[in-house]
Amino acid sequence: MHRSLDALTAGPFDVLILGGGITGAGVALDAALRGFRVALIDKGDFASGTSSASSKLVHGGLRYLEHGHIPLVYEALRERRLLLRNAPHLVHPLRFVVPFFAGARVPRWQWRAGLSLYDLLAGTGNLRRSRPLHLSLLRREFPDLNGTGLSGGAEYHDAQMDDARLCIEVLRTAAAHGACLANYAEAVGFENVKGRIAGVRAADRVGGETFAIHARQVVNATGPWVDAVCRLAGDASTPHLRPTKGVHLIAPDRGLRSAFLLLHPADGRVFFVLPWQGKTLIGATDTLCDDSPDALSVTPEDKAYLLAGHNHFFSPPLAETNILNSFAGLRPLAHSKNGAPSSLPREFRLIVSPSGLLSVAGGKYTTYRAMAETITDAVAARLGKRRCCRTRRCALDGAPRKRWTVFLDRETARLGERHGVGEETARHFVQRYGRRAAEVATYLDRDPALGKPVVPGEPELRAEFAYQQEHEMALFPEDHLLRRTHLGLFRPELLRWIGGG
């Protein structure tokens, strides 16, 4: 995957996608697999918006059942099964525990009914049937869990992902099938022919030049920036989005062997406490937000809310000084009638502007592939080129050809034998890069200095940064630290040092 602005000017393309988050990436892959000539640009880095600020879950959305979103849950559980098959190095099963407390907003019977329905909707793709957990087992397995009012619980299984890397792997796969991609290339205007959009004027945010990209169809998949792009295109309609802000806290490893789905004591909202990459992830908030997606921040109130939720259920309590970092993302939910943020629908909507611009509002990370199929169907119909979707069985770029558990052990051993790396490093490479791990390991043979860790105490080696620069379009330190790895989230002082703070 290489950045080539010259390729973008050699149009016209069948479809130009604005936005390199997971929705745009999914459309790029689907369209490329159908044989369309595809271009994609993003004004920042790929996955630099909401697609790197999620709860890192590939899940059906157990909590959505409470609001009656059964078709969405069914679709998401189907897509979970496909992602576990098509990207097993980046998507892994994860056990969840739901503790039952006396007087909670959701009673025990309702949890049991919801979990039974969740099992039923998962069908043959169910990872493991949910089951009740006796009070004595919960106390023995999780001694730090608050026992006041605890009456037992239940467990079920969903999946966890590396959201930014999954997005980048979808883009790498699209590029391997002919898509032309560029990060740090912003659409600053539209090219029009007889009142219809025929491409964009783009500005290279690296080199500074402006150039035109011509395309028969332009798709606005910019997430929280959808309305801004519509205004740029002259769409004077009412807003298409009703964004909500999701904040997460990152704490040191709390020793959790399972994820927890909990109800916040202040308002009864669902939130998670998750083990993730050797740390603990707490979140998320879900509040209506009118802030610009370019100036999103985590407020003291956001932090206090999540800390209060964690500390209500676990001891010892966490203080703000214990938090390693925090991050926020805007959910680009489709505009709908008034309602509580948590009850707003997660389904997506496809909007056709009078100019011919196709815009995507709403959606859910887990269902990106299904969303992309519908969007690309619409593009194909508008182009008069109806072709079948091929993404259901499309393994992503780093996915191994063998069963994942077998591949992980064999490739870990092979990397150790061929490149002299320790088992921990080899396993880290395989879990992040899949079958591309051997390519990363060759950098260790080129220069022994690349075998040093980027930061003591973390698994990332300098070889990864060299590989990411040459093969994953990482242009700036933040691209390495926040998307290709998560060092900047775990060690925020690295970002402050880079920024001169």
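This is a short dialogue about a pair of helices and a pocket in a predicted model.

Me: How should I read two packed helices?

Reply: Happily, the general idea is short: two packed helices are described by the angle between their axes and the distance between the axes. In this structure, take helix H10 (residues 404-419) and H11: their axes come within 8 Å and cross at roughly 135 degrees.

Me: What is the orientation of H10 and H11 to each other?

Reply: Angles over 145 degrees count as roughly antiparallel and 65 to 115 as roughly perpendicular. H10 and H11 are therefore oblique to each other. As for handedness, H10 passes H11 in a right-handed crossing.

Me: Which residues make the contact?

Reply: From H10 come Trp404, Phe407, Leu408, Asp409, Glu411, Thr412 and Leu415, while H11 brings Glu423, Ala426, Arg427, Phe429, Val430 and Gln431. Sorted by class, the residues of this contact are seven nonpolar, two polar and four charged.

Me: Now the second largest pocket, please. What is its volume, and which residues are closest to its centre?

Reply: The volume of the second largest pocket is about 770 Å³. It is lined by 25 residues, and His92, Trp276, Gln277, Gly278 and Gln431 are the closest to its centre.

Me: Which elements give two or more residues to the lining?

Reply: Strand S4 (91-101), strand S6 (150-161), strand S13 (270-276) and helix H11 (423-433) do. H11 gives the most, with five residues.

Me: And how does the lining of this pocket divide by class?

Reply: There are nine nonpolar, seven polar and nine charged residues in the lining of the second largest pocket. Gln431 is a good residue to look at on screen: Gln431 is part of the contact with H10 and is among the residues closest to the pocket centre.

Technical notes: Residues are numbered from 1 along each chain as its sequence is written. This is a predicted model: local features need pLDDT of at least 70, side-chain atom pairs count only at pLDDT 80 or more; totals for chains, interfaces and linings use all residues. Side-chain values use heavy atoms; hydrogens and water are left out. On a 1 Å grid over the protein atoms alone, a cavity is a set of points where a 1.4 Å probe fits but cannot get out, and a pocket is an open set with protein on both sides within 12 Å along at least five of seven lines; lining residues have an atom within 4 Å of a point. Grid points are joined across faces, edges and corners, and a volume is the space filled by probe spheres set on the points. Helices (H or I, at least four residues) and strands (E, at least two) are DSSP runs, numbered from the N terminus. Ala, Val, Leu, Ile, Met, Phe, Trp, Tyr, Cys and Pro count as nonpolar, Asp, Glu, Lys and Arg as charged, and the others, Gly among them, as polar. Axes are lines fitted to C-alpha atoms, for helices over the stretch in contact, and angles run from 0 to 180 degrees between N-to-C directions. Angles under 35 degrees count as roughly parallel, over 145 as roughly antiparallel, 65 to 115 as roughly perpendicular and the rest as oblique. A crossing is left-handed if the near helix is turned anticlockwise from the far one by less than a right angle, and right-handed if clockwise. Contact means heavy atoms within 4.5 Å.
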